[in-house]
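Here's a quick tour of the protein chain you have open. Keep the viewer handy and follow along as we go from the overall layout to single residues.

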Amino acid sequence: MQVKLLPTPEQAAALTDTLHRVNTAANQVSAVAFEQFGLRGRELPLRTLCYGDLKAGGLGAQAAQHVIKRVVDAYTTLRANLRNGNFGSPASKRRRKAEAKPIVFRADAAHTFDDRNLSWQLDAGTVSIWTVAGRCKNLRFVCSPDQAKMLAAHRKGESDLVHRDGKWFLLATCDVPEPQVYEPVDWVGVDRGIVNLATTSDGDNHQGRRLDRYRRWQARKRAELQATRTRAAARLLKKRARRETRHARHVNHTIAKQVVAVAARTGRGIALEELGGIRGRVTVPRDQRARLSSWPFQQLGAFIAYKAQRAGVPYLEVDPAYTSQRCPRCGHTARTNRPTRDDFCCRRCGLAGPADVVAGVNVRDRARSAWVFVNMPQPAPA
């Protein structure tokens with residue numbers, strides 16, 4: 001849950017100094033961790049080596065503990081990314097660069113607070129937070145009524161202090177109980193694409209034309225700024241990139257909310273194609289590569305999955321092979337069944353319709369079979 005802080009100039013200065021100090025300390029701990037253990041960040045030895053120095057440097061006890069934990073978590077994430085090949089092959093330049101030096105934290109990177117150094121006064125709309133200049137009390141925050149109810153009922157654990165675009169935010173962790181997943185009466189198949197971001201087996205079509213047009217406009221502005229090659233242009237490029245990301249996220253949230261609402265209202269489950277690794281499998285013309293790389297299919301799938309989980313809606317991912325080439329009526333599968341990108345026409349039985357809707361129907365049919373298999377009683381062990 002993200003809430004916006006409204007600090008006074010004095011409070012803002014204290015928060016800025018706090019982030020700079022804790023991230024400088026994190027860089028020092030990261031250097032020690034890399035020198036002593038390489039990429040294997042170990043929490044207990046690091047506490048022994050660094051806790052005293054952090055306390056002597058002006059950090060509180062909890063802040064020092066969180067700095068060490070942040071460093072350990074950062075190295076854990078780096079090892080996972082290396083193991084999963086996210087930095088390329090062992091011989092790639094990017095991977096060798098990541099393995100050759102300690103992790104560095106930005107001066108304004110987010111920092112974690114728990115209930116010992118951050119307290120919420122929800123009725124007053126304020127928080128009290130630890131800073132290097134002392135306890136900062138009566139720091140105002142604003143949020144919607146629904147967010148306030150969520151904070152009051154489900155806030156639990158740690159919160160992150162974030163400084164972004166000159167504004168201050170707190171990202172609070174809320175532990176929301178999950179409702180029991182109901183037995184679906186049927187399934188809503190969802191086909192994800194670039195031209196049509198999501199098309200359901202019911203025929204609901206969420207087009208990506210506006211998002212694509214917005215991205216092209218942003219690309220033209222980005223090219224103009226890149227041509228100036230100034231520091232101001234570089235800052236503006238980062239700001240525009242964040243704005244474009246937020247716009248795409250908003251579009252995906254809207255689509256996911258509508259899909260889950262339809263499924264919950266009709267007592268059905270949601271089925272999507274499992275598209276992991278599709279960018280590595282699919283080849284497109286050179287002028288289409290940027291469009292494919294900016295396709296936010298994974299984020300849309302993640303949004304649908306977590307919104308379905310919160311609503312108790314069953315969710316499945318099925319095999320995506322030939323969903324746009326297979327006839328859902330007779331089962332005939334051929335590339336010629338799809339003469340154009342938008343149209344489907346079965347060469348055997350003559351079934352015709354929008355290609356994306358047909359793909360959604362095939363996803364729905366595969367979910368029916370998969371759900372029966374998943375819920376099939378398993379034989380008792382001998």
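A contact here means heavy atoms within 4.5 Å. With that in hand, residues 24 or more positions apart account for 63% of the contacts in the protein chain that have a separation of 6 or more. One thing to keep in mind throughout: this is a predicted model.

**Overall layout**

- The protein chain has 382 residues, and 39% of them count as buried.
- Its C-alpha trace spans about 80 × 50 × 50 Å along the principal axes.
- In secondary structure terms, you're looking at 11 helices and 14 strands.
- The domain assignment splits things into domain 1, covering 1-177, and domain 2, made up of 186-210 + 248-375.
- Measuring between C-alpha centres would put domain 1 and domain 2 38 Å apart.

**Surface and charge**

- The accessible surface adds up to about 21,700 Å², and carbon and sulfur atoms hold 52% of that.
- Count the charged side chains and you get 65 positive and 34 negative ones.
- The centres of those two sets sit 6 Å apart.

**Cysteines**

- How many disulfides does the structure hold? The count is 0.
- Cys 345 is in no disulfide, and its nearest cysteine sulfur, the one in Cys 346, is 7.4 Å away.
- Cys 345 is partly exposed, at a relative accessible area of 27%, whereas Cys 346 is buried, at 3%.
- Why doesn't Cys 346 pair with Cys 330? The sulfur of Cys 330 is the closest cysteine sulfur to that of Cys 346, but at 3.5 Å it's too far for a bond, because a disulfide needs the two sulfur atoms within 2.5 Å.

**Ala 271, in a strand**

- Ala 271 belongs to strand β11, which runs over residues 269-273.
- Is Ala 271 buried or exposed? With 0% relative accessibility, Ala 271 counts as buried, since the cut-off for that is under 20%.
- Setting aside neighbours within four places in sequence, Ala 271 is in contact with Trp 187, Val 188, Gly 189, Val 190, Leu 316, Val 363 and Ala 367.
- Tyr 75 is 196 residues from Ala 271 along the chain, and their C-alpha atoms are separated by 35 Å.

**Arg 366, in a helix**

- Arg 366 is part of helix α11, residues 355-374.
- Arg 366 is partly exposed, with a relative accessible area of 23%.
- Not counting residues up to four places away in sequence, Arg 366 touches Val 318, Asp 319, Pro 320, Ala 321, Tyr 322, Thr 323 and Arg 326.
- From Arg 366 to Arg 192 is 174 residues in sequence and 15 Å in space, C-alpha to C-alpha.

**Positive phi angles in loops**

- Asp 165 isn't a glycine, yet it has a positive phi of about 55 degrees.
- Where does Asp 165 lie? Look in the loop between β6 (155-164) and β7 (167-174).
- Asp 165 counts as partly exposed, at 37% relative accessibility.
- Arg 229 is another residue other than glycine with a positive phi, near 55 degrees.
- You'll find Arg 229 in the loop between α6 (209-228) and α7 (231-266).
- At 75% relative accessibility, Arg 229 counts as exposed.

Terms used:
Residues are numbered from 1 along each chain as its sequence is written. This is a predicted model: local features need pLDDT of at least 70, side-chain atom pairs count only at pLDDT 80 or more; totals for chains, interfaces and linings use all residues. Side-chain values use heavy atoms; hydrogens and water are left out. Domain bounds come from an automatic or database domain assignment. Buried means under 20% relative accessible area, exposed over 50%, partly exposed in between (1.4 Å probe, protein chains only). Helices (H or I, at least four residues) and strands (E, at least two) are DSSP runs, numbered from the N terminus. Accessible areas come from the Shrake-Rupley method with a 1.4 Å probe; for residues, only the protein chains shown count as cover. Lys and Arg count as positive and Asp and Glu as negative; His and the chain ends are not counted. The place of a charge is taken as NZ of Lys, CZ of Arg, CG of Asp or CD of Glu.
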